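Biologist: Mind pulling this one up on screen so we can go through it together? I'd like to ask a few things as we look.

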Amino acid sequence: MNPPKTATAKKVNVAAARAPRGGSEELISGSEAVAHAVRLADVDVITAYPIRPYDTVMQYVSQLIADGEFDCEYIVAESEHSQFEIVKHASAVGARVFCGSSGVGWLYAFEALAVTAGLRLPMVAMVGNRALDDPGAFGVEHNDALAVRDLGWMLAWVATAQEALDTALIAYRVAEDKRVFLPCAISCDGAFLTHSQAIVNVPGQDMVDGFLPPYDRAEKQLHPDNPITIAPQANEDWVMEIRRQSDMAARRARDVIIEAYDDFNAQFGRGGEPFIERYMMEDAEVALVGMGTLAMPVKVAVRKMREQGKKVGFVRVRWFRPFPTIELQEALSGVQAVGVIDRDYSFGSSFFSGVLANDLRSALYPMVNRPGIVSFIAGLGGREVSTDNVIDITNKVLDAASGGDIDDQDTYWIGVRE
Amino acid sequence: MQETTVALSDFVSTQVLDRWKGIKKVAREEYFTSGHRTCQGCESALVMKLMAKAAGPRSIILGATGCMYVANTTYYSTPWVVPWMHTQLGSSGSAATGTVAALRAMMRKGKMEEEPINVISFCGDGGGADMGLSAISAALQHTHYNLLIFMYDNESYANTDIQVSGSSPYGANSTFSPPGKVQRIMHRRWKKNTAAMLAAGHPDCKYVATVSAGNAIDTMNKVRRALTIGGPTFIHSLDPCPKGWDYDPKYSHEIGELAVETGIWPLYEVEEGKVKMYGKSKHIASGAFKRKPVREYLLRQGRFAHLAEEDIAYFQGKVDEMWEKWLVPGVIPFANA
């Protein structure tokens with residue numbers, strides 16, 4: 001196994017599970033949890049535009065403002081493009097900002113998303129993952145957020161409402177760190193997370209203040225006292241050097257994320273391992289890999305398979321950008337085969353896999369004893385990924401591991417009518 | 001320049017920028033200086049200079065993609081003495097809104113020292129009258145945000161090789177509307193009435209004006225009025241463009257004046273719902289000045305060289321209609337039934 005030379009593996013001190021300190025226990029949805037995070041982060045400028053399912057977060061945000069529990073400039077824009085451009089400019093002036101969208105709304109803002117990353121503005125956004133119309137579909141697919149994966153956006157996928165709140169706080173700290181200064185999108189599966197309630201510990205303000213320093217643009221702040229020119233034409237003279245700076249920032253993000261989780265674990269008593277979640281991986285012979293809320297049926301299926309004596313584990317990818325190459329190489333080094341479940345597609349790509357499988361295959365390539373990767377597409381358009389689906393997937397991976405008929409270079413669509 | 005401030009509502013105040021009565025009263029300081037590479041005779045570069053001079057040092061200026069981005073700001077050189085930031089082609093309204101929102105939030109929360117800062121966001125006609133129209137419209141609804149959207153209209157996408165926009169005049173030759181063997185007129189749309197459309201559609205917007213840089217002091221005073229009155233405001237400047245309109249660069253001012261004298265470009269302002277005509281336009285409206293035929297304007301420019309008599313007659317008829325039949329001549333295009 002040859003980890004990339006530019007990054008170093010760092011051991012994270014994950015605090016032992018203990019009772020959360022401070023705050024209050026609330027029965028809230030993923031969207032409401034993010035709204036609380038935004039309030040606790042004392043965000044200055046928020047823009048909203050309606051599209052299901054992310055827009056629930058703005059319904060909660062606007063109510064918090066209307067009730068006087070939260071002070072910020074709140075603007076209902078006239079399109080997603082304007083929505084993201086407004087907060088982009090607010091961020092350049094030094095304001096902490098929040099924004100979000102779903103599906104084709106996120107893509108309507110694509111130009112703004114590209115320049116926000118290009119300008120190294122630390123916007124934090126929520127994506128309520130949704131299929132890209134047409135055909136119309138409100139349900140979850142990951143292709144919306146994944147569309148920006150090459151631009152400098154950091155991308156996190158969360159599985160619970162608590163994780164959504166915590167990751168939003170971590171996102172501000174990482175994005176606004178001067179070593180990084182890159183935007184961050186938190187992906188929440190539409191309906192399964194945005195609209196599903198769970199018990200969430202909403203921390204107290206003093207705890208958040210102790211974790212999250214103020215946003216300081218310093219010499220990059222656009223203000224009459226600092227009359228700089230931002231975003232001139234650079235062309236072939238300088239664009240490549242500027243791209244290289246973004247590349248270096250994306251590389252540095254890794255250690256900053258590790259630091260942030262270290263502190264978060266220490267201060268809040270939860271948070272877990274930064275890049276991946278390992279479930280029953282200690283002695284696993286085959287592993288499933290996926291992102292987002294499909295962790296729930298996968299974990300149930302893994303437990304059922306374990307009862308049958310099958311040594312199956314699960315690795316949930318929590319950050320897709322920066323991609324956890326080192327952690328995945330290490331976590332999957334001992335297994336015989338890996339099954340990647342993509343809730344997305346990349347038509348015409350290598351092996352016709354989904355985006356996660358393609359990146360994972362690329363990340364494991366340098367390993368001397370790399371496991372075979374069987375790729376699965378499941379749960380598109382918001383279709384449920386059932387426990388039975390996962391058992392079907394796992395049996396295929398086990399078959400591939402034992403040299404059966406399943407081709408470990410192929411991609412299988414699960415739960416689809418042929 | 002900003003000794004006093006006018007409080008409008010919570011944490012919203014503007015600089016009081018007095019009207020400059022004559023050239024001797026104009027500030028000497030420039031905030032748009034050397035460092036750009038605009039064409040010889042570029043009226044828009046002059047307009048930028050006047051706009052920045054009128055606004056003064058405590059300003060943030062935002063500029064949408066277009067000539068005044070590409071030709072002005074090349075990395076490692078900038079003509080802007082005040083803070084300046086690029087925004088996307090359709091985002092002049094959003095850039096202004098976001099900048100003002102940030103200043104307002106941060107000043108209210110004590111994260112930034114409180115002071116009135118001018119926020120001007122400019123766009124060309126492609127960015128303003130076409131792509132960015134909805135964002136400008138939205139910006140003009142935020143009555144508690146002090147911002148000025150300034151549209152420099154050179155009647156084409158001039159930076160990308162001169163292509164027609166919704167603000168190009170009828171019949172104009174452009175690289176997207178060249179006269180050919182079968183079709184003489186490729187651009188058949190009549191120029192959008194952008195300033196009046198925005199004024200009529202946003203009755204809470206306190207100030208909308210049209211300007212022509214041939215009258216530099218009037219142009220600067222309108223910028224100063226827009227910034228002082230507060231709330232979202234809009235100024236539309238008609239900028240002759242030697243390259244796109246095809247005339248000798250030394251005639252930029254003269255062509256601009258002809259646009260006013262032929263009645264094609266009415267100079268007016270709408271302040272708190274009251275329309276006031278300016279300069280020669282005022283005299284055209286009162287009958288004291290007889291409009292020159294549009295032919296005198298059109299035939300000075302290569303972009304109209306292919307027009308036949310019937311095209312010129314059509315153009316003249318549309319301008320006559322504007323002055324003789326409109327509810328408010330040159331501004332509101334309706335007639336009483």
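Modeller: Sure, and keep in mind that this is a predicted model. Let's begin with a strand pair in chain B: strand β7 (residues 207–211) and strand β8 (residues 232–238) of chain B pair in the parallel sense.

Biologist: Over how many bridges do β7 and β8 of chain B pair?

Modeller: The two strands of chain B run parallel to each other, and B:Ala209 has its bridge partner in β8(B), namely B:Ile235. The count of bridges in the β7–β8 pairing of chain B is five.

Biologist: Which strands are at the edges of the sheet that holds those two?

Modeller: The sheet is open, with nine strands in mixed pairing, in the order β9(A)-β4(B)-β3(B)-β5(B)-β6(B)-β8(B)-β7(B)-β9(B)-β10(B). An edge strand here pairs on one side only. That leaves β9 of chain A and β10 (274–277) of chain B.

Biologist: Hang on, a chain A strand in there. Which residue stands opposite B:Trp84?

Modeller: Strand β9 (residues 229–230) of chain A is joined to β4(B) by two bridges, and the two strands run parallel. B:Trp84 belongs to β4(B), and opposite B:Trp84 stands A:Thr229.

Biologist: Looking at the whole contact between the chains, which element gives the most to the side of chain B that touches chain A?

Modeller: The contact draws 39 residues from chain B and 38 residues from chain A. On the chain B side, the elements that give two or more residues are β3 (59–64), β4 (84–87), α3 (92–108) and α5 (133–139) of chain B. With 11 residues, the top contributor is α3(B).

Biologist: And how do the residues on that side of chain B divide by type?

Modeller: We're talking about the 39 residues that chain B puts into the contact. Those on the side of chain B that touches chain A split into three charged, 15 polar and 21 nonpolar.

Biologist: At what angle does α3(B) run to β5(B)?

Modeller: α3(B) lies across four strands of chain B: β3, β4, β5 (118–124) and β6 (147–153). Relative to β5(B), the helix α3(B) runs at about 170°.

Biologist: Over to chain A. Is α10(A) oblique or roughly parallel to α13(A)?

Modeller: Helix α10 (residues 295–307) and helix α13 (residues 387–401) of chain A have axes 8 Å apart and pack at an angle of about 60°. Their crossing is right-handed. Residues in the contact include A:Val298 and A:Ala301 of α10(A) and A:Val390 and A:Ile391 of α13(A). With that angle, α10(A) is, relative to α13(A), oblique.

Biologist: What about α1(A) against α7(A): roughly parallel or oblique?

Modeller: The axes of helix α1 (residues 30–40) and helix α7 (residues 161–175) of chain A come within 8 Å and cross at roughly 25°. This crossing is right-handed, and the contact divides into 10 nonpolar, three polar and no charged residues. Given the angle, α1(A) is, relative to α7(A), roughly parallel.

Biologist: How far apart do the C-alpha centres of the two domains of chain A lie?

Modeller: The domain assignment gives domain 1 (24–268) and domain 2 (276–413) for chain A. In contact are 26 residues of domain 1 and 19 residues of domain 2 of chain A. Among the elements giving two or more residues on the domain 1 side are β7 (184–189) and α9 (235–268) of chain A. The C-alpha centres of domain 1 and domain 2 of chain A lie apart by 28 Å.

Biologist: Now the backbone oddities. Which residue joins A:Pro322 through a cis peptide bond?

Modeller: Most peptide bonds are trans, so a cis one is worth a look. A:Pro322 lies in the loop between β13 (319–321) and α11 (325–331) of chain A. The cis bond there has omega of about -5°, and the partner of A:Pro322 is A:Arg321.

Biologist: And where does A:Pro135 lie?

Modeller: The peptide bond from A:Asp134 to A:Pro135 is also cis, with omega near -5°. As for the place of A:Pro135, it's the loop between β5 (124–129) and α6 of chain A.

Biologist: Last one: what phi does A:Ala218 have?

Modeller: A:Ala218 lies in the loop between α8 (205–211) and β9 of chain A. Most residues other than glycine have a negative phi. A:Ala218 is not a glycine, yet its phi is positive, at about 50°.

Notes: Residues numbered from 1 in each chain as written. Chains lettered and ligands numbered in written order. Predicted model: local features only at pLDDT ≥ 70, side-chain atom pairs only at ≥ 80, totals over all residues. Contact = placed C-beta atoms within 7 Å. Nonpolar A, V, L, I, M, F, W, Y, C, P; charged D, E, K, R; others polar. Pairing = 2+ DSSP bridges. Axes fitted to C-alpha atoms, helices over the stretch in contact; angles between N-to-C directions. Parallel < 35°, antiparallel > 145°, perpendicular 65-115°, else oblique. Left-handed = near helix turned anticlockwise from the far one by under 90°. Domains from an automatic or database assignment.
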